[in-house]
Amino acid sequence: MTSPQFLESLSNIPQIDYMHSRRQINPSFFLKRIKWLIKQIPGLMRFCLNTNFVHITGTSGKGTVGAILQSILACAGYKVGFYNSPHVVEVYERMKTAEKISSKPLKIQTLFIPALTFDSLTQFLKPYLEKTILTSPYGLPSYFEIVLTIALLYFQQEKCNYVILEAGCGGRYDATNIIPQNRLAIITSIGYDHEHLIGPKLSDIAYEKAGLIKKGSKVLVGPKIKGKILQVIKKEAKKKNAKLISITKNEIKKLENLEINKIIAIKTAEILKIPPNAIQNGIRKYTPLPGRLEIIKKSPLIIFDGAHNPDKIKYLLSQLNNNPAIEQLSNRTLIFASVDTKNWRAMLKLLIPYFDKIYLTRHNILHRKSADLKKMYNYTVQQCKFLGQVKIFIDPSDALRQATSEVKKNDLIIATGSLYLIGSLKKNKL
């Protein structure tokens with residue numbers, strides 16, 4: 001059994017899961033659980049206390065902002081760790097380091113954690129996990145909490161100057177909020193996602209995400225956060241005596257040719273006093289995360305995008321609509337799957353007008369339930385009155401094979417709705 005398989009198998013040990021039990025108990029339980037584990041590991045809490053953390057949350061854009069910022073900080077000469085989730089294909093994607101290895105010409109080396117290092121850290125952690133079962137009042141930590149602990153151990157081992165942490169869900173009680181302080185908290189956007197856990201109102205979601213703000217720190221909010229939602233964050237910042245920083249209209253106008261995630265990353269770098277040339281080089285050297293508008297094949301054009309909430313779908317469609325080359329493509333096929341707790345109806349409603357064929361499927365991840373295929377089919381045909389071809393596939397690879405067998409050179413296939421779907425498809429070759 002590999003280390004990733006071993007960690008996944010721990011789910012058969014009875015434990016309280018953040019994603020399923022948060023509303024049933026005091027959610028502070030989850031932070032106490034991972035804190036108990038980290039305190040058992042010599043030196044790890046000290047690392048968390050002394051490291052420059054940039055902590056990112058938001059309904060959309062946080063992974064991309066983190067990836068761009070990692071590139072910028074590496075170009076400035078720092079060794080930078082970045083933890084984000086979920087992974088698309090392999091768990092190693094969740095933790096990577098970046099550093100400058102040459103100035104002329106500028107070269108940045110970005111690496112996922114090596115499998116052997118992951119194995120070694122998993123072996124190191126096993127006695128501490130066994131100790132949690134017997135001794136901790138909170139029991140065995142979750143998969144997410146254990147993998148985060150491995151990431152922190154890795155960044156400590158690699159002597160990272162900066163660590164960028166992407167929150168998994170919400171922020172206030174998310175495991176990443178174990179860090180005692182940060183250089184900066186970033187809230188990229190506030191929209192509907194994980195409402196069953198941190199909603200149902202946008203103000204509730206904003207309150208949860210504002211929980212990342214630390215006493216006496218700084219918090220940057222994305223330019224789309226306004227009105228009552230911004231007031232929720234301002235209230236939390238005032239309570240924590242933290243400085244709230246917004247992106248001004250002049251700054252947006254100055255960078256109007258750049259997408260919003262790059263603008264947030266640039267503003268972050270300026271707050272951290274990164275030189276302008278390092279910012280420019282970081283933007284230029286940045287490599288997108290897997291499954292984000294990822295072009296798999298150019299003719300026919302096949303795009304994998306892990307958009308999994310309405311805000312992310314809107315962003316995906318905006319990118320497609322602003323690309324003249326894509327607009328000229330003929331037949332368009334959608335491959336769509338969603339986790340059952342996501343708002344798949346809102347996502348499909350946005351997507352359906354753009355496509356000629358719709359293939360509804362599921363992902364292959366065992367620990368997350370897929371949306372009901374029959375309900376999605378009926379919604380597409382009956383409520384949205386889609387007149388094109390609609391099919392369901394219980395195997396996502398069959399959906400992709402069918403789509404590719406029907407398309408011509410100037411056609412388009414897009415798979416979206418879930419990063420888990422993208423991972424399921426990427427494990428199989430076209």
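Lysine 243 lies in strand β8, which covers residues 243–246. The model examined here is predicted. Lysine 243 counts as exposed because its relative accessibility is 53%, and the cut-off for exposed is over 50%. Lys243 also belongs to a positive surface patch. Its partners in that patch are Arg183, Lys218 and Lys273.

A second surface patch is nonpolar. Tyr377, Val381 and Ile392 make this patch, with an area of about 230 Å². Valine 381 sits in helix α17, residues 373–383. With a relative accessible area of 33%, valine 381 is classed as partly exposed, because that class lies between the buried limit of under 20% and the exposed limit of over 50%.

Glutamate 93 presents a buried charge. The residue is placed in the loop between β2 (80–83) and β3 (95–102). No salt bridge is formed by glutamate 93. Lysine 426 carries the nearest side chain of opposite charge, 6.4 Å away. A salt bridge would require a distance within 4 Å. Neighbours within four places in sequence aside, glutamate 93 contacts Asn84, His87, Val88, Phe112 and Pro290.

Helix α19 spans residues 419–426 and is mostly covered. Seven of its eight residues are buried. These are Leu419, Tyr420, Leu421, Ile422, Gly423, Ser424 and Leu425. The buried residues of α19 pack against three strands and a helix: β10 (301–304), β11 (332–336), β14 (412–416) and α18 (396–406).

Methods:
Residues are numbered from 1 along each chain as its sequence is written. This is a predicted model: local features need pLDDT of at least 70, side-chain atom pairs count only at pLDDT 80 or more; totals for chains, interfaces and linings use all residues. Side-chain values use heavy atoms; hydrogens and water are left out. Patches are made of residues with over 30% relative accessible area and no salt bridge: like charges are joined within 9 Å, nonpolar side chains (Val, Leu, Ile, Met, Phe, Trp, Tyr) within 5 Å. Accessible areas come from the Shrake-Rupley method with a 1.4 Å probe; for residues, only the protein chains shown count as cover. The place of a charge is taken as NZ of Lys, CZ of Arg, CG of Asp or CD of Glu. Helices (H or I, at least four residues) and strands (E, at least two) are DSSP runs, numbered from the N terminus. Buried means under 20% relative accessible area, exposed over 50%, partly exposed in between (1.4 Å probe, protein chains only). Contact means heavy atoms within 4.5 Å.
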